[in-house]
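Biologist: Before we look at the model, could you take me through how you read a pair of packed helices, and after that how you read a metal site?

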Amino acid sequence: MTLTPHSSKVDEMIRRLDEAVAGRDDETRCRSVKQVLIEVVNSGEPFIEPQFLQPAPDRYARRLMHRDPQGRYTVIVMVWGVDQGTPLHDHAGIWCVECVYRGRINVTSYSVRGGDPETGVVQFEKETELLAGVGEAGALIPPFEYHVIRNPDATSSVTIHVYGGEMTYCHVFEPVEGGHRRRFKELSYTG
Ligand SMILES: [Fe+2]
């Protein structure tokens with residue numbers, strides 16, 4: 001699904017993201033992308049079309065809003081229904097900036113304390129847990145790319161995610177004895 005016709009705010013966001021992703025390294029890119037999202041969302045003007053904002057019944061909705069023709073980034077809108085969230089997961093080595101558009105989300109970040117994420121059982125350490133509201137953003141730069149997102153409220157929340165490429169898969173980590181075991185997960189878009 002792509003958004004056509006774009007609102008002028010979406011056009012502005014894409015134009016500014018095109019500039020932001022030209023930064024010299026991931027840290028610079030993420031800082032600029034974060035600033036763009038914060039400013040666009042805090043302008044207060046709704047700009048995401050209603051078809052992107054519907055929750056899905058079984059799991060959080062994930063809809064493609066924009067794919068950079070040069071493949072440098074994608075913009076994904078996620079809708080978190082009541083009690084919806086993610087398992088502990090990585091980002092396949094891709095940087096990501098996430099900004100709340102509606103509602104609130106709870107983000108818990110983890111770092112690897114032992115084991116080997118490539119193969120066996122991994123031990124994670126909880127780093128930070130934060131509650132983000134509208135217009136607040138965070139960045140995930142590999143190798144610090146492990147987190148859990150969930151909607152803490154009794155109403156839907158919406159987030160905008162900019163990835164440094166197109167994340168077609170990730171790994172989720174399921175609790176097993178002695179830690180978490182990695183599992184490949186293909187990612188698709190919600191209709
Ligand atoms: Fe994530």
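Biologist: Where do helix 1 and helix 2 lie in the sequence, and at roughly what angle do their axes cross?

Modeller: In general, two packed helices are described by the angle between their axes and the distance between the axes. In this predicted model, helix 1 spans residues 8-20 and helix 2 spans residues 26-42, and their axes come within 9 Å and cross at roughly 165°. Because angles over 145 degrees count as roughly antiparallel, helix 1 and helix 2 are roughly antiparallel to each other, and their crossing is right-handed.

Biologist: Which residues of helix 1 and helix 2 make the contact?

Modeller: On the side of helix 1 the contact is made by K9, E12, M13, R16, L17 and A20, while helix 2 contributes R29, S32, V33, V36, L37, E39 and V40. Sorted by character, the residues of this contact between helix 1 and helix 2 divide into 7 nonpolar, 1 polar and 5 charged.

Biologist: Turning to the metal, which residues are the protein donors of the iron ion?

Modeller: The protein donors of the iron ion are H89, H91 and H147, each through its NE2 atom, and they lie 2.0 to 2.1 Å from the ion. In sequence these donor residues follow the spacing H-x1-H-x55-H. H91 sits in the loop between strand 3 (88-89) and strand 4 (96-102), whereas H147 belongs to strand 8 (residues 146-150), so the pair ties together parts that are 56 residues apart in sequence.

Biologist: Are H91 and H147 buried or exposed?

Modeller: H91 is buried, with a relative accessible area of 1%, and H147, at 1% relative accessibility, counts as buried.

Note on methods:
Residues are numbered from 1 along each chain as its sequence is written. This is a predicted model: local features need pLDDT of at least 70, side-chain atom pairs count only at pLDDT 80 or more; totals for chains, interfaces and linings use all residues. Side-chain values use heavy atoms; hydrogens and water are left out. Donors are N, O and S atoms within 2.8 Å of the metal (3.2 Å for Na, K and Ca); water is not among the atoms, so sites may look incomplete. Helices (H or I, at least four residues) and strands (E, at least two) are DSSP runs, numbered from the N terminus. Buried means under 20% relative accessible area, exposed over 50%, partly exposed in between (1.4 Å probe, protein chains only). Axes are lines fitted to C-alpha atoms, for helices over the stretch in contact, and angles run from 0 to 180 degrees between N-to-C directions. Angles under 35 degrees count as roughly parallel, over 145 as roughly antiparallel, 65 to 115 as roughly perpendicular and the rest as oblique. A crossing is left-handed if the near helix is turned anticlockwise from the far one by less than a right angle, and right-handed if clockwise. Contact means heavy atoms within 4.5 Å. Ala, Val, Leu, Ile, Met, Phe, Trp, Tyr, Cys and Pro count as nonpolar, Asp, Glu, Lys and Arg as charged, and the others, Gly among them, as polar.
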